[in-house]
Amino acid sequence: MSLPQLSGVARLIEDPELRFSASGGAVVKVRLAFNSRKKDQAGQWVDDATFFVRGTAFGQAAENVAASLQRGMEVMVVGRMKTESWEKNGEKRSEAALLVDSIGPSLRFATAQVEKSNGQGRQEFQQARQAQGATSADDPWSTPSQSQAGGFSDEPPF
């Protein structure tokens with residue numbers, strides 16, 4: 001059995017948040033809003049229901065998302081839906097999440113110049129963090145991953 005797929009046009013409601021794990025793997029979080037529109041009785045287009053979801057991409061895709069996309073952009077996205085569960089203060093919680101397989105700007109109302117990635121994003125990010133004086137002790141992502149620690153956590157990854 002596989003996870004259900006989602007594909008559609010969404011809008012980024014925050015700038016992508018790029019982090020790196022202790023092992024150096026890139027992870028980006030994007031908050032997305034999928035809107036539906038309909039015509040009202042006067043024939044004007046109005047926003048109807050909105051579905052908000054947190055998307056996550058990994059590796060080179062994560063670095064490319066952080067370098068290319070920003071808040072407010074309309075994007076085409078394809079991914080797999082899953083339910084993330086955790087416990088906080090003794091209360092079980094869960095929410096829908098999207099494992100992003102592919103994401104890019106919609107060209108309906110914008111233009112884009114595409115460049116092949118050189119994979120240098122991680123080095124540039126680490127250099128910028130060093131220039132800001134950030135240490136691994138300041139970064140919660142610098143702890144060993146759960147798979148390295150030999151187990152799983154009930155805490156959400158973000």
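These are my notebook entries on a predicted model of one protein chain.

**Entry 1. The chain as a whole**

I began with the secondary structure, and I found 3 helices and 6 strands in the chain. Read from the N terminus, the elements follow the order β-β-β-β-α-β-β-α-α. I then looked up burial: the chain has 158 residues, and 25% of them count as buried. The exposed surface of the chain comes to about 10,900 Å², of which carbon and sulfur atoms supply 47%. I also looked up how far contacts reach along the sequence. Taking contacts between residues at least 6 apart in sequence, I noted that 61% join residues at least 24 apart.

**Entry 2. Strand S1 and its partners**

Which strands pair with S1? I found that S1, residues 5-12, runs antiparallel to S5, residues 74-88, and that 7 bridges join the two. S1 is also antiparallel to S3, residues 26-39, with 2 bridges between them. I followed Arg11 through both pairings. On the S5 side, Arg11 stands opposite Glu74; in S3, the bridge partner of Arg11 is Ala33.

**Entry 3. Strand S2 and the hairpin with S3**

I turned next to S2, residues 17-20. The covered face of S2 carries Leu18 and Phe20, while Glu17 and Arg19 make up the uncovered face. S2 and S3 pair in the antiparallel sense, and I recorded 4 bridges for this pairing. Arg19 stands opposite Val27 of S3.

The two strands form a hairpin with 5 residues between them, and in this hairpin Gly24 takes a positive phi near 95°. I also examined Ser23, which lies in the loop between S2 and S3. Is Ser23 buried or exposed? Its relative accessible area is 53%, so Ser23 is exposed, the cut-off being over 50%. The side chain of Ser23 has a polar contact of 3.0 Å with the side chain of Ser21.

**Entry 4. An aromatic pair**

I searched for aromatic pairs and found 1 in the structure. The pair consists of Phe34 and Phe51, whose ring centres are 6.3 Å apart; their planes stand at 40°, so I entered the pair as tilted. Phe34 belongs to S3 and Phe51 to S4, residues 45-58, so the pair ties together parts that are 17 residues apart in sequence. I checked the accessibility of each ring's residue as well. Phe34 is buried, at a relative accessible area of 12%, whereas Phe51 is partly exposed, at 35%.

**Entry 5. Arg54 in strand S4**

I stayed with S4 to look up Arg54, which lies in this strand. With a relative accessible area of 8%, Arg54 is buried. What does the side chain of Arg54 contact? I found a polar contact of 3.0 Å with the side chain of Glu95.

**Entry 6. Helix H1**

I then looked at H1, residues 59-68, and listed its buried residues: Ala62, Glu63 and Val65. Why do these residues lie on the same side of H1? They cover an arc of only 160° around the axis, and this puts them on one and the same side of the helix.

Ala67 is also found in H1. I noted that Ala67 is exposed, with a relative accessible area of 71%. I compared its position with that of Leu18, a residue on the covered face of S2. Ala67 and Leu18 are 49 residues apart in sequence, and their C-alpha atoms are 9.3 Å apart in space.

**Entry 7. Ser106 in a loop**

My last search concerned Ser106, which I located in the loop between S6 (91-105) and H2 (121-132). Is Ser106 buried or exposed? Ser106 counts as buried because its relative accessibility is 8%, and buried means under 20%. The side chain of Ser106 reaches the backbone nitrogen of Arg108 at 3.4 Å. I also looked up its contacts, leaving aside neighbours within four places in sequence: Ser106 is in contact with Glu74, Val75 and Met76. Of these, Glu74 had already appeared in my notes as the residue of S5 that stands opposite Arg11.

Conventions:
Residues numbered from 1 in each chain as written. Predicted model: local features only at pLDDT ≥ 70, side-chain atom pairs only at ≥ 80, totals over all residues. Heavy atoms only, no water. Buried < 20%, exposed > 50% of the residue type's maximum accessible area, 1.4 Å probe, protein only. Arc of directions from axis to C-beta. Pairing = 2+ DSSP bridges. Polar contact = N/O pair within 3.5 Å; in protein donor to acceptor, adjacent residues only side chain to side chain. Contact = heavy atoms within 4.5 Å. Phe/Tyr/Trp six-rings, centres within 6.5 Å; stacked < 30°, edge-to-face > 60°. Areas by Shrake-Rupley, 256 points an atom, 1.4 Å probe, with all protein chains shown as cover.
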